[in-house]
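Please open the model in your viewer and keep the sequence panel visible. The tour below proposes one selection after another and describes what is found at each stop.

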Amino acid sequence: MKIEKIVYKNGFVNLIISKKKFLVSPEFYSNLNVNPDNILSKDDFDKIKKEDEFNRAKESALNSIEFSAKTESEIKNKLKRKNFTEETIEKILKFLSDYNLTNDEIYVKNYINDKIKFQRYSKRKIFYNLSAKGLDKKLISRFLDDVPYSIEYENAMYLAEKKAKNDYSYENKKKVYNYLSYRGFSYDIINECLDELF
């Protein structure tokens, strides 16, 4: 087995071996100490395959966080679906963490802040959504505990008024109750809102 062609592209070295492309860093290639048409040892080829997998996984992970933050669990699951090895996935997660590109604590804090302020989610709905993303439940609870009852009540009242649409009939009261319940607000908050509104 030998390197048939070398292409320098986008800061990487593409090694064409047996008509397949392997993505390696320039540093890796210079340390490899092989030239085109040299016969590759099995050891060198295995190193090239590992480096290629790492670079492809890194590229995939970086693309996934380019436009929106992701949790470590989401990145891990994405890389698993693409059949990267556990060893490579752990290296990628460490790489992202070292460069502060993933931080579950910051992710949870920002998610809660956005959902409470802009989408008026209940704490229960936020907890459920973040848990579904594979985040630590203690971490989620720690930040949700900082959200005051008054803010959640305010959000529920805003949604209740919007849903009521100035119809204060008993039938509509049930609809508003179901709506708030579906959105995860607690029994106490819902009843307080309905007592004030109806």
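In which helix is Phe95 found? Phe95 is found in helix H4; helices (H or I, at least four residues) and strands (E, at least two) are DSSP runs, numbered from the N terminus.

Before proceeding, please note that this is a predicted model, in which local features need pLDDT of at least 70 and side-chain atom pairs count only at pLDDT 80 or more, while totals for chains, interfaces and linings use all residues. Residues are numbered from 1 along each chain as its sequence is written, and side-chain values use heavy atoms, with hydrogens and water left out.

**First stop: around Phe95**

Keep Phe95 selected and add Lys58 and Leu62. Leaving aside neighbours within four places in sequence, Phe95 is in contact with Lys58 and Leu62, where contact means heavy atoms within 4.5 Å. Phe95 and Lys58 are 37 residues apart in sequence, yet their C-alpha atoms lie 8.4 Å apart in space.

**Second stop: a surface patch**

Retain Leu62 and select Tyr99 and Leu101 as well. These residues, Leu62, Tyr99 and Leu101, form a nonpolar patch on the surface, and together they have about 290 Å² of accessible area. Patches are made of residues with over 30% relative accessible area and no salt bridge, like charges being joined within 9 Å and nonpolar side chains (Val, Leu, Ile, Met, Phe, Trp, Tyr) within 5 Å. Accessible areas come from the Shrake-Rupley method with a 1.4 Å probe, and for residues only the protein chains shown count as cover.

Where does Tyr99 lie? Tyr99 belongs to the loop between helix H4 (86-98) and helix H5 (104-117). Its relative accessible area is 58%, so Tyr99 is exposed; the classes are buried under 20% relative accessible area, exposed over 50%, and partly exposed in between (1.4 Å probe, protein chains only).

**Third stop: salt bridges along helix H4**

Now display the charged side chains of helix H4. A salt bridge is a side-chain nitrogen of Lys or Arg within 4 Å of a carboxyl oxygen of Asp or Glu, and a search of the whole structure finds 11 of these salt bridges.

Select Glu87 and Lys91: they form a salt bridge with their closest N and O atoms 3.6 Å apart. Both residues lie in helix H4, four residues apart, about one turn of the helix. Glu87 is partly exposed at 42% relative accessible area, and Lys91 is partly exposed at 43%.

Next, select Asp98 and Lys94, whose side chains meet in a salt bridge (2.8 Å, N to O). Because Asp98 and Lys94 are four residues apart in helix H4, about one helical turn separates them. Asp98 counts as exposed at 51% relative accessibility, and Lys94 counts as exposed at 52%.

Elsewhere, salt bridges that share partners join Lys42, Asp46 and Lys49 into one network. Within it, Lys49 forms a salt bridge with Asp46, and their closest N and O atoms are 3.7 Å apart. Lys49 and Asp46 are three residues apart in helix H2, so about one helical turn separates them.

**Fourth stop: the sheet**

Colour the strands. Three strands form an open sheet in the order E1-E2-E3, with antiparallel pairing; two strands pair if DSSP finds at least two bridges between them. Strand E1 (3-9) and strand E3 (20-24) are the edge strands, each pairing on one side only. Neighbouring strands of this sheet are turned by 25° against each other on average, direction ignored. Axes are lines fitted to C-alpha atoms, for helices over the stretch in contact, and angles run from 0 to 180 degrees between N-to-C directions.

E1 and E2 pair over six bridges in the antiparallel sense, and Ile3 stands opposite Ile17 in E2. The hairpin of E1 and E2 has two residues between the strands, and Asn10 there takes a positive phi near 50°.

Strand E2 (residues 12-17) pairs with E3 over five bridges, again antiparallel, and Ile16 stands opposite Lys21 in E3. E2 and E3 form a hairpin with two residues between them, and Ser18 in the turn has a positive phi of about 50°.

**Last stop: a helix across the strands**

Finally, select helix H2 (residues 42-64), which lies across E2 and E3 and runs at about 75° to E3.
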